[in-house]
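Reader: I'm new to this one. Could you take me through a close look at a single part, and then tell me how that part sits in the whole?

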2 protein chains.
Amino acid sequence: MSEFRKDPISQRWVIFSGGEKKPEEYSYSMAEINSDSENCPFCEKNRHMIETEIASKSVNGRWAARIVNNKFPALIENINIEKYADGIYDQMTGYGYHEVIIDSHDHNIPFHELSQIEIEAVIELFLERFKTFRRDKTLKYVLFFKNFGAPAGASLSHSHSQLVATPVVPKIVMEELNSAKKYFNYKERCIFCDLINQEFIDEKRIITSNDSFIAIVPYAPRFPFESWILPKIHESSFGDISSYEISNLASVLKDVLNRLETVFPKLPYNFVIHTAPFENHCKDYYHWHIEIMPRLTKVAGFEWGSGFYITETSPEHAASYLK
Amino acid sequence: MSEFRKDPISQRWVIFSGGEKKPEEYSYSMAEINSDSENCPFCEKNRHMIETEIASKSVNGRWAARIVNNKFPALIENINIEKYADGIYDQMTGYGYHEVIIDSHDHNIPFHELSQIEIEAVIELFLERFKTFRRDKTLKYVLFFKNFGAPAGASLSHSHSQLVATPVVPKIVMEELNSAKKYFNYKERCIFCDLINQEFIDEKRIITSNDSFIAIVPYAPRFPFESWILPKIHESSFGDISSYEISNLASVLKDVLNRLETVFPKLPYNFVIHTAPFENHCKDYYHWHIEIMPRLTKVAGFEWGSGFYITETSPEHAASYLK
């Protein structure tokens, strides 16, 4: 039976078309691990191909994760922000940071197969860059994200993540902030905290949880088998994460990605971290989280034109496979 | 030189990364025309495969375009709308219409190669369904769209369009309405009319125009070579289009799609019609239009997570190829 469901954060209606499509009924392009490391700029032997190392973390005496400049940055670091009118339009210089986090020295290991301590090293680098950018008054936001597999937009197969720091808050984050603020004004409660409570009551969309985090399939996902990871207690900013939480985050992230991989071998996916902007006016009502978006389906005219999304597997059914 | 540009309608910042990527530098999956018509449900010889014909148009004594039910509809026609709370969440029965417009009796001819009069027949069917749905007080909107080519989400190669009629206004349309309303409250002018005037002043983003329509590459596109078609005079609803305008729309739509095809052979694309909702409270400030989205690039984590879009070819450069 077909139904509309509304995501309370984005206010987006999605359509669940009924029918409960099973994992084996999805045909998707797999993420191929390219074993040819000869010209891979992220491999140790090609270290000369990367001009700058911004930061790195070692595990057991060997580098585990490194941050480097993006060779083809979308934004430019050392320019002044100038804002001007172009007729009726608005323009601004393309100031910002676009960096790459090489997740591992190993060319062939996908992110979810890294050890927990190696994933912690990646998260620690995220946090280090977050704190550095937060001190810079010209920047408002940093988005951490990963594209895994060519079908998810990755141009190199050696495991890596990216960050983009911008002088404006991204539109989707702004929408979440506005929506969470309205909810708070009405109820004096964080909408994400209410959502987490609801998920613990309903149980059927929970994938897993640990001391610090809960992983769920959201009630009204854009993509089939979409998964979110949220801190169980109210925290608006990723930048305030503790060492204990980093350890628990690495554990739950690895766990969820492995569950997805088990159901969908070589699944291409994207994940993003949504956090409060640096100037955090939303401590009471925003709640940082990770959104994992499996690339099982093609987004087409209906979705691009309407903002509706159609899913053929209900979140409850998806969670039952990931549980 | 990298720059941020803001789309005045959606309020979306996009990033033009500089560099002016040329058409031949894009590698994209082509839309393949599948010549095997044996099991094509849209072909005349397989008419028995389609249960219902809702409407049709003939050209030169032969059917040119037919509307039929979608075999796998996302929404269901004959149910009551029921709205209920599911814990903190909102749900609604999946009421609505999901139909397919078969654009031609010819299995092998892509849409842009249809004659002008055949494209007019498709638009006339759109209009017929628009007027029927508008009379139905349970519906608020109908979205017409086309997916051309498997990479753009088309599951059958025989040229076809789709419509989805819904009891809610789509989020993206609602955003455009809200934004246009704010602009009107501030300036007492339609933002789209101002945009068209600006385009006629700047000239450099105009692809073509005729008596009734202008085609442009928008100032801050989501996709490289994105193209919009807008009525030159203020018209809020597609439903009020005249016969003369239908003829001019068929002509400009065919023209723009042919220009895109010339620059990018077998380009997969989506197009959507954005119009005022049926209950048209926005006569003064909304302006219907068509958005054509070429599928040259992959949308990845950054775009999904931020709502920013990065384009590597400026609209001015794109328009210079399409002119």
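**A helix crossing in chain A**

Author: Let's start with helix α1 (residues 116-134) of chain A and helix α4 (residues 243-263) of chain A: their axes come within 9 Å and cross at roughly 115°. Axes here are lines fitted to C-alpha atoms, for helices over the stretch in contact, with angles running from 0 to 180 degrees between N-to-C directions. Helices are DSSP runs (H or I, at least four residues), and strands are too (E, at least two), numbered from the N terminus. This is a predicted model, where local features need pLDDT of at least 70, side-chain atom pairs count only at pLDDT 80 or more, and totals for chains, interfaces and linings use all residues. Residues are numbered from 1 along each chain as its sequence is written, while chains are lettered from A and ligands numbered from 1 in the order in which they are written.

Who touches whom? On α1(A), the contact residues are Gln116(A), Ile119(A), Glu120(A), Ile123(A) and Glu124(A). Facing them on α4(A) are residues including Ile246(A), Leu249(A), Ala250(A) and Lys254(A). Contact is meant as C-beta atoms, placed from the backbone, lying within 7 Å.

Now for the wider picture: 57 residues of chain A are in contact with 58 residues of chain B. Strand β6 (residues 89-93) of chain A also runs antiparallel to strand β1 (residues 3-6) of chain B, joined by four bridges; strands pair if DSSP finds at least two bridges between them. Within that pairing, Gln91(A) stands opposite Arg5(B).

How values were computed:
Two residues are in contact if their C-beta atoms, placed from the backbone, lie within 7 Å.
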